[in-house]
Amino acid sequence: MSIDAEQDSGARSGADPFSAEARETTEGRVYTVTGGDWEDFLDDAEQEERVVINLGPQHPSTHGVLRLVLELEGERVTKARSVIGYLHTGIEKNTEYRTWTQGVTFVTRMDYLAPLHNEAAYSMGVEKLLRISAPKRAETIRVLLMELNRISSHLVFLATGAMELGSTTGMTFGFRDREEVLHLLEFLTGLRMNHAFIRPGGVAQDLPENYREKVLEFCKVMENRLTDYDKLFSGQPIWKQRLSGVGYLPLDACLALGTSGPILRSAGLGWDLRKVQPYCGYEEYDFDVPTSNDADCFSRFLLRVEEIRQSLRIVRQCLDKMESGPVMVDDPKIAWPAQLTIGPDGMGNSLDHVRKIMGQSMESLIHHFKLVTEGFDVPPGQVYVPVEAPRGELGYHVVSDGGTRPMRVHVRDPSFVNLQAFPAMAEGGLVADVIAVVASIDPVMGGVDR
Amino acid sequence: MSGDGTAGGLPETAAEHSGPPEQDPGTDAQRVVAGRAREGMFGVTGSGDTSGYGGLRVPAYVPPAAERPFGGWFDEVADGLFDGMGRRGIPSDAVLRITVDRGEITFYVDRRHLVGICRTFRDEPDLRFEFCSSLSGVDYGPDVPQRLHSVCHLTSMTYRRRVRVEVAVDAEDPRIPSVVDVYPTADFQEREAWDMYGIVYDDHPALTRILMPDDWEGHPQRKDYPLGGIPVEYKGAEVPPPDQRRSYT
């Protein structure tokens, strides 16, 4: 069927397969423009005062499968709306059919640029329901991982934002450096993304032996490379002209629209949950929350670069604070019974543990089986746990009805909420600014659509 | 449980309110059930009770009402709220129940006064909950009276406090006034709750589906909406889809 249809359309367009196709609909004439054929459309549309453009959902400048509908008068955007849902995967509902521990593997796939923040917030929610707290070392590991994750997320902002605005050098810089972070995260947690490393009760396992050297090495590399971004962008006239004064969103609008994260801080309010409502022991770390009063795209760029610097500061402090001790709560009803080790066939349960449950202790086997298949009960109630993710307040509303599975896991994803501010930032500006605005919101569609 | 509709109600209190006439005055004064009743263990039914746990009955969880003093700043916020409601002509029994659990305070409110209460939270100088962090729907399942909950998490950036405002409605009459007027950020989130749970937010500017396609039927996150999925073969055995696997609770 689909092949026939393609052949048909190929035959129809005849001589020039790249001309803008037009068809009449009840809404007026609709063109499909694919690039390089804008002139066909513009010749036709010269008399039109008002043009509605559909941008996306598959478009390299819309930050993933985000669809934008723009109403234009000439170059000026009079109305802008975002259409979402193209990446909806029902993760929230899926968690209701798995154990509390398995939930981590799902939530880490939501905002895939901030997997560790999702894991940490979810785990903290479950821990709050259980009325337990993770050991000190696990908390420090969480902070370390979250800050590394913040760096990688902001680097993707720089990379994709630069690419969308036409700076491919910025893109290669950003992804090159993000790769450094992902390599480090792979070394620390075992995976580049979707780690499922932070679990209710602590973290899955202790950090590998020479983590200190690797992290320090990374910090050194990253600190050197950060100057590249200042050289490339901060004083660059084209970058400044594309971003300064664009996407203005003052503080009152931020509060009304629920915007948080770098966008809120670019409007002058130093609201960072790590400072104002500390969790995971953030009150013990020494770092600054950069703010700006410009409330435009350029200030949001500057803030994110500065936040990378601050995150590096926190990462270095984590290494000093790391005290020895367990990384999982001392409760055999919650902690995974087996430690992971590398065996001849890859990573898995430690052989000692397998030997024990298969050869020596029937009770251990039953315990292992029960905990892995059934999971643990969580007393009924509900909690809301927010953390400061790279994009703003990431909140987990976790409800338990007393069972071994979540009753409800709602994710207040910062991208989802921040995206509501897009019309307020884009309307009245130029089409070119729309791209800058979306880049400065930095939505991750995996988190928006969940 | 479904026949337990009027148990534990506060008789005649709601009838005094001067809310919109289309709502049944009895329903909002019901006790808040936030969980489902269970029986047995291990999720086994239909086979003989060999374990002795088959007679286990666990009643549905009802969050206990908190008693004064609530502790910390909770009393201050509650006092501020009731003062503000008084000034705005909202009867104090519009707050059906206050619970304090795990360091978080929850106000279960009468839906007819939700917008007024949210406005009080936002505008009162000693409350100043200027930021609506999150709005989410919760479905407690078909057996629970007033199974659909709409939960609002408000944040006071001035005082660095958080409260939860919760409204419960029946699936047959899932109407809740929209708080978009007070908190414009609730726009997308109410659309999501409508899309996923079928909660109708009255006076929402454009209550359309947001995550599912426009022509989708049903509300996928309701407990009686199937998860879907197909059996998967793994090493010769067939693994059933997640919603048909054994559940232990």
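**Two chains, their helix pairs and a few odd backbone spots**

UniProt, in an unreviewed entry, places the feature "domain: NADH-quinone oxidoreductase subunit D" at residues 165-450 of chain A; such positions are given in the numbering used here, feature names are shortened, and annotations may be inferred rather than shown by experiment. The structure is a predicted model, so local features need pLDDT of at least 70 and side-chain atom pairs count only at pLDDT 80 or more, while totals for chains, interfaces and linings use all residues. Residues are numbered from 1 along each chain as its sequence is written, and chains are lettered from A and ligands numbered from 1 in the order in which they are written.

Back to that span of chain A: residues 165-450 are 49% helix and 12% strand, and the C-alpha atoms at the two ends lie 27 Å apart. Helices (H or I, at least four residues) and strands (E, at least two) are DSSP runs, numbered from the N terminus.

Two helix pairs in chain A are worth a look. Two packed helices are described by the angle between their axes and the distance between the axes. Here the axes are lines fitted to C-alpha atoms, for helices over the stretch in contact, and angles run from 0 to 180 degrees between N-to-C directions. For α6 (residues 136-164) and α13 of chain A, the axes come within 9 Å and cross at roughly 160 degrees. α6(A) and α13(A) are therefore roughly antiparallel (angles over 145 degrees count as such, those under 35 as roughly parallel, 65 to 115 as roughly perpendicular and the rest as oblique). Their crossing is left-handed, meaning that the near helix is turned anticlockwise from the far one by less than a right angle; clockwise would be right-handed. On the α6(A) side the contact includes V143(A), L144(A), E147(A) and R150(A), and on the α13(A) side R304(A), E307(A), I308(A) and V315(A) are among the residues met. Residues are in contact if their C-beta atoms, placed from the backbone, lie within 7 Å. By class, the α6(A)-α13(A) contact has 9 nonpolar, 3 polar and 5 charged residues; Ala, Val, Leu, Ile, Met, Phe, Trp, Tyr, Cys and Pro count as nonpolar, Asp, Glu, Lys and Arg as charged, and the others, Gly among them, as polar.

The other pair is α7 (residues 168-189) and α8 (residues 211-234) of chain A, which pack at an angle of about 170 degrees with their axes 11 Å apart. That makes α7(A) roughly antiparallel to α8(A). Among the residues that meet are F173(A), L184(A) and F187(A) from α7(A), and F218(A), M222(A) and Y229(A) from α8(A). This contact divides into 12 nonpolar, 2 polar and 5 charged residues.

Next come some backbone details. Most residues other than glycine have a negative phi, and most peptide bonds are trans. A295(A), in the loop between α12 (273-276) and α13 (297-321) of chain A, has a positive phi near 55 degrees. D442(A) also has a positive phi, near 55 degrees, and is found in the loop between α18 (431-441) and α19 (445-449) of chain A. A295(A) is buried, with 22 other C-beta atoms within 10 Å, and D442(A) is buried too, with 26. The cut-off for buried is 20 or more other C-beta atoms within 10 Å, for exposed 12 or fewer, and partly exposed is in between, with C-beta atoms placed from the backbone. R50(A), by contrast, counts as exposed because it has 11 C-beta neighbours inside 10 Å. R50(A) sits in the loop between α2 (38-44) and β3 (51-55) of chain A and touches E71(A) and E73(A), leaving aside residues up to four places away in sequence. The C-alpha atoms of R50(A) and L72(A) are separated by 5.7 Å, although the two are 22 residues apart along the chain.

Chain B has 3 helices and 11 strands, running β-β-α-β-β-α-β-β-β-β-α-β-β-β along the sequence. Of its 249 residues, 39% are buried. A cis peptide bond joins R68(B) and P69(B), with omega about -10 degrees; P69(B) is in the loop between β2 (57-58) and α1 (74-87) of chain B.

Finally, the two chains meet through 35 residues from chain B and 40 residues from chain A. On the chain B side, β5(B) gives the most, with 6 residues. That side has 16 nonpolar, 9 polar and 10 charged residues.
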